[in-house]
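Please open the model in your viewer and keep the selection panel at hand. The tour begins at the bound ligand and then moves outward to the whole chain.

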Amino acid sequence: MTQSFQKVRALTGMKDVLPDASATWEQLEQTVRAWLASYGYRNMRTPVLEHTRLFARGIGEVTDIVEKEMYSFVDALSDEHLTMRPEFTAGMVRAAIEHNILYDRPQRVYALGPVFRREKPQRGRYRQFHQIDVEALGLAGPDIDAELIVMLGRLWKILGLQDIRLELNSLGQAPERAAHRAALVEYLEKNLDVLDEEARRRMYSNPLRVLDTKNPAMQDMADHAPRLFDFLGAESLAHFDGVRARLDDAGIAYRLNPRLVRGLDYYNLTVFEWVTDRLGAQGTVCGGGRYDGLIELLGGKSAPAVGFAIGMERLLDLCEQAQDAAARPECQVYMVHQSEPAQRVAAQLAEQLRDAGLDVIVHAGAAGFKSQFKRADASGATAAVILGADELQAGAAAVKWLRAGDFDARAQQETVAFDRLVEELKSRV
Ligand code: ATP
Ligand code: MG
C-alpha cells in the first residue's frame, strides 16, 4: 500500500530563484561588485549564524528586529542561543574586531547575501531577503558620509533608475540625544492618552521609536513632538553641514526629514534613506547612517564608522520596471499642458518636433499636471515638455528630463525658448 506524501513547500516569505530569473540576479550582482570596486570597497563574508547576544547588543533590545523578527533558537548540543543574521552590520563589525583589521588603516568593505526576519510577507517584504551591505570602518566623515551617498546616486544612474529620492537627517551625539530624550519623555507623558499600547511600552526604553509610529491616531502627536534636530550642538551641525555641502557639490538633491530615525539603535549623526513611490508600500530601497558607537559597544577599541544596506529584491523590482519602460517607449517626447490655449500651442510645437524626426505624444484631453506627468513617465519618453500659462506668456517651455533621475538636481528641469526647442530636444533625445 502506498502512503500519500504531503507535498513540501517552501516556507512563507522565502523565495526560490529559478534559472530563468537567476541571470538577472547575477547581472545585478556583477554590476554592483564593479561599482563597489570603483570606490575601493572589498568583499567580506561572515557567517549566517551568530550568537543572539551580538544582535541584541548591536541592534538594540527594544527594536522591531530584536523584539519580534529574529529567527533564534537554542542549539540542542551546546545550549548556545543562536540567531540567523537579520542584517549584516553587527556581524561585519564583530569580524573586524575579532580579526583586528580595524586599527592600522580604515576598511572599506561590503557583503552580499541573505538575511532573515520574521515579518509579515508582502510585496517587497520577505522573510529571507538579500542585502548589499556597505561599511566604511574607521572614518569619521563628513566626507565619507557624503561619498557613500554620492556613490549610491551613481549606482541608480548606472542602473538607469528614476524616482529614487534621498531623505536626510542628523541624530546628533549621545549627550544631545539624552537632552532630547528627556524632553521627549516629558512630552510623551503629557500625551499619554493618545499613545497606543506599543508606544506606552516603549516610551521609556526607546522613546525616539515612538515617533516612528505608523498609527494614524498618533501622527499629530508625533508631528508636534520635540525634534532631536533642535537639540544638536555646533559640532554636530557642522558635521551635518559638511555632508550637505558635499551633496550640493555633487548635485545630489535631498529632503531634510527631521522624523527620520531608522529602526536600529546604533546610529548617530548622519542618517539617510533612499525612497521611491514605485514599489507600493515598501518604498525604502536603501537605508544607512553613521554608527560611531557600535565598535566600542561590541567590545572593540572605539572607532567611527558609517554604512548602508540596499534591499536587493526591491532594487531588482526597480530594475525590471526600468527595463520594461526602456524596452518599448511609446514616444521620445511627451507634451504636458494646462488650459486649451496651451494645448493648442503644444500641438503646433509637436508638429515641428515631428518634422525634425522625433516621436511625440501630446496629452489628449484635459487633466491635472500630476496625472499627465504619470502618463508621460509611463510612456517611456526621454523628455516631458511642459506648457502652462507662465510658459505661454514667456514664450518658453519647461523641459523635464525624465531619465536624468531624481537624485541629480542639476539635470532635471530647464527652461527652453520655443524657437530653440527643436534644436535642444533633437540634440539630447
Ligand atoms: P523597512 O522600513 O522597509 O522595514 P528597514 O528599516 O527595516 O526597512 P533596514 O534594516 O534598513 O530596513 O534594511 C535595509 C534595506 O533592506 C531596506 O531599505 C529594504 O530595502 C530592505 N529590507 C528590509 N526589510 C526587508 C524585507 N523584509 N524584505 C525585503 N527587503 C527588506
Ligand atoms: Mg523593517
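## Around ligand 1

Select ligand 1 together with Arg-117 in this predicted model, and you will find an N or O atom in the side chain of Arg-117 at 2.8 Å from an oxygen atom of the ligand. Add Arg-314 next, whose side chain likewise places an N or O atom 3.0 Å from an oxygen atom of ligand 1. At Gly-311, show the backbone, since the atom to look for there is a backbone N or O atom, 3.3 Å from an oxygen atom of ligand 1. With a surface displayed, consider that ligand 1 on its own would expose 590 Å², and that the protein buries 89% of this area.

Now widen the selection to the shell of 16 residues that surround ligand 1, where the closest are Arg-117, Glu-119, Tyr-126, Arg-262 and Thr-284. Colour strand 6 (128-137), strand 10 (284-290) and strand 11 (305-311), the elements that each give two or more residues to this shell. Which strand gives the largest share of the shell? It is strand 10, with four residues.

## The whole chain

Zoom out to the full protein chain, which has 16 helices and 16 strands, and whose C-alpha trace spans about 75 × 75 × 50 Å along its principal axes. Of its 429 residues, 48% count as buried, while the accessible surface comes to about 21,400 Å², with 50% of it belonging to carbon and sulfur atoms. Finally, select the charged side chains: the mean positions of the 52 positive and 61 negative charges are 3 Å apart.

Conventions:
Residues numbered from 1 in each chain as written. Chains lettered and ligands numbered in written order. Predicted model: local features only at pLDDT ≥ 70, side-chain atom pairs only at ≥ 80, totals over all residues. Heavy atoms only, no water. Buried < 20%, exposed > 50% of the residue type's maximum accessible area, 1.4 Å probe, protein only. Areas by Shrake-Rupley, 256 points an atom, 1.4 Å probe, with all protein chains shown as cover. Lys, Arg positive; Asp, Glu negative; His and termini not counted. Charge placed at Lys NZ, Arg CZ, Asp CG, Glu CD. Near = heavy atom within 4 Å. Polar contact = N/O pair within 3.5 Å; in protein donor to acceptor, adjacent residues only side chain to side chain.
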